[in-house]
Every structure is written in structure tokens, then in C-alpha cells.
Amino acid sequence: MARMFTRELIDESIELCNNDAAHLERAKLLTGKVILRALDAPEGKDIAVTYNFASGRCTGYDFVEEKAPASFRDAGFKPMLDGLARITANYGTFVKLDKGEIEPAAALNSPDYKIEGNMVMLMPLM
């Protein structure tokens, strides 16, 4: 499996999603920023990726990679001002989700997975 949270894999994923009509239909209400933070990634790094969406299409992203523990770990989050949602988990949790080793509902109930944002607005987008 390729290492997650690399610029190359992000670029490939965005291209696949932006060219998938079914995905775009499901995500058509998604407009705004979504932040994913993977802590304790390989090579002792923390990674934060801020995705920008317009009607389900990813229009770009910002990528930050710092030595763990990164300065952004302590950054506050203001829903709607900073983004629609911020999801923080250790890198291993994201890998398990990607491999299907844990279900999304189990991740939501895990202390290793934190989602911040306006949950009333986020639920229809999930």
C-alpha cells in the first residue's frame, strides 16, 4: 500500500473524485473547506491537508507537513470560519479506515478520531 497523505496520492485521489460522476452527485452539497490532520505519520511527521470544495468538486488543497509534534496540533478550530469540518486522527487510524479494518462508525466512537464542525450541517454530507 502506498503511504497515505503524500502530495502524489492526494493529487491522484482528487483527480479520480473530480472525474467520478457518481461521487460528484453524492457530494454536490459540499462547498467549503475540510481539514484532515494525520498525527504521527511515517518519518515522525504530522500532516495537515486543507481541501477546498465547490459543489462537491475539489478545487485545490493546502499541504503542511511538520516534524511531530507539529505546531498545528494546538491550533484552535472555529466551525464555519476555519472550515466545515476538521478531522484529526493518528495516521494508523486513517490507514485502518482505508483498508476497511475499522468501520467509519467505530472510528467516530474512538478516542483516536476527532471530528469538529457543525454536526447538523455535516451529517447530510457524510
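This passage describes the surroundings of three residues, D11, K28 and T93, in a predicted model.

In the predicted structure, D11 is placed in helix α1, which comprises residues 7-18. Its side of the picture is one of surface charge, since D11 gathers with E8, E12 and E15 in a patch of negative charge on the surface. With a relative accessible area of 40%, D11 is classed as partly exposed, because this value falls between the 20% under which a residue counts as buried and the 50% over which a residue counts as exposed.

K28 is found in a loop, namely the one that runs between α2 (21-26) and β1 (32-41). The relative accessible area of K28 is 44%, so this residue is likewise described as partly exposed. When residues up to four places away in sequence are left out of account, K28 touches S55 and G56. For the pair K28 and S55, which stand 27 residues apart along the chain, the separation between the C-alpha atoms is 4.5 Å.

T93 belongs to helix α3, which spans residues 91-99. A relative accessible area of 8% was computed for T93, and this residue is therefore assigned as buried, the limit for that class being under 20%. Beyond the residues up to four places away in sequence, which are not counted, the contacts of T93 are with I102, D112 and Y113.

Taken by location, D11 thus lies in helix α1, K28 lies in the loop between α2 and β1, and T93 lies in helix α3.

Notes
Residues are numbered from 1 along each chain as its sequence is written. This is a predicted model: local features need pLDDT of at least 70, side-chain atom pairs count only at pLDDT 80 or more; totals for chains, interfaces and linings use all residues. Side-chain values use heavy atoms; hydrogens and water are left out. Patches are made of residues with over 30% relative accessible area and no salt bridge: like charges are joined within 9 Å, nonpolar side chains (Val, Leu, Ile, Met, Phe, Trp, Tyr) within 5 Å. Accessible areas come from the Shrake-Rupley method with a 1.4 Å probe; for residues, only the protein chains shown count as cover. A salt bridge is a side-chain nitrogen of Lys or Arg within 4 Å of a carboxyl oxygen of Asp or Glu. Lys and Arg count as positive and Asp and Glu as negative; His and the chain ends are not counted. The place of a charge is taken as NZ of Lys, CZ of Arg, CG of Asp or CD of Glu. Helices (H or I, at least four residues) and strands (E, at least two) are DSSP runs, numbered from the N terminus. Buried means under 20% relative accessible area, exposed over 50%, partly exposed in between (1.4 Å probe, protein chains only). Contact means heavy atoms within 4.5 Å.
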